Amino acid sequence: IHCSTKNKTNMKMLKFLLPLLLVASCSSFSLSGLFSSEDKAEELPAEDSAVEEIDGEVDEEEESEDEEEENVESESLEEDEEVEEEEELDEEENLEVVSLEEEDEEEDEEEDELSALEEDEEDEEEEEIDEEEEVESVALEAEDDFEEEDEDEEDFEEEDAEDFEEEDAEDL
């Protein structure tokens, strides 16, 4: 039971002290002004000066807010410029990559064309060689045929000569 009464007393003191501490934390508050009973005329200028201070603080806050907005705008502009520069660099890199790829493709096409031409030349050479071989084989065949004809003619002439001699021998 003792703890609960002590807690209640502490809570009541806190309820009284917290608002007092909040007022005391304000810069224009002083204990002597709270407990003194001087003329109210002196308090009014103090209030006016407090109002002026508050107005000054409000003006300063507005100016700082304006400056912050300007800073934010300038930062956003700088960021936009940086983003644009990065995009331009990216575009340049992409253009370089595309041009390199196109050059590679052109080189590949040239290589393909060269290899196709080389293959065509090889095919033509093979065809020429085949034609030459065919011509040679035809010539050889013709030569063989001619030799056979010559042999046949010689045989024929020999037979004719023999036949002629036999006829002559029969005639005698």
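This is a short tour of the predicted model in your viewer. Residues are numbered from 1 along each chain as its sequence is written. Local features here need pLDDT of at least 70, side-chain atom pairs count only at pLDDT 80 or more, totals for chains, interfaces and linings use all residues, and side-chain values use heavy atoms, without hydrogens or water.

Start by selecting the whole protein chain: you will find 3 helices and 0 strands (DSSP runs: H or I of at least four residues, E of at least two).

Next, colour by pLDDT, the predictor's confidence from 0 to 100. The protein chain averages 76. Helix α2 (residues 31–35) has the lowest mean among the elements, 66, and α1 the highest, 80. Where pLDDT is low, the coordinates should not be read in detail.

Now try buried residues (under 20% relative accessible area, 1.4 Å probe, protein chains only): 0% of the 172 residues qualify.

Finally, select L18, in helix α1 (residues 2–24). Add M11, M13, L14, F16, L17, L20 and L21, and with L18 you have a nonpolar surface patch of about 790 Å².

Notes:
Patches are made of residues with over 30% relative accessible area and no salt bridge: like charges are joined within 9 Å, nonpolar side chains (Val, Leu, Ile, Met, Phe, Trp, Tyr) within 5 Å. Accessible areas come from the Shrake-Rupley method with a 1.4 Å probe; for residues, only the protein chains shown count as cover. A salt bridge is a side-chain nitrogen of Lys or Arg within 4 Å of a carboxyl oxygen of Asp or Glu. Buried means under 20% relative accessible area, exposed over 50%, partly exposed in between (1.4 Å probe, protein chains only).
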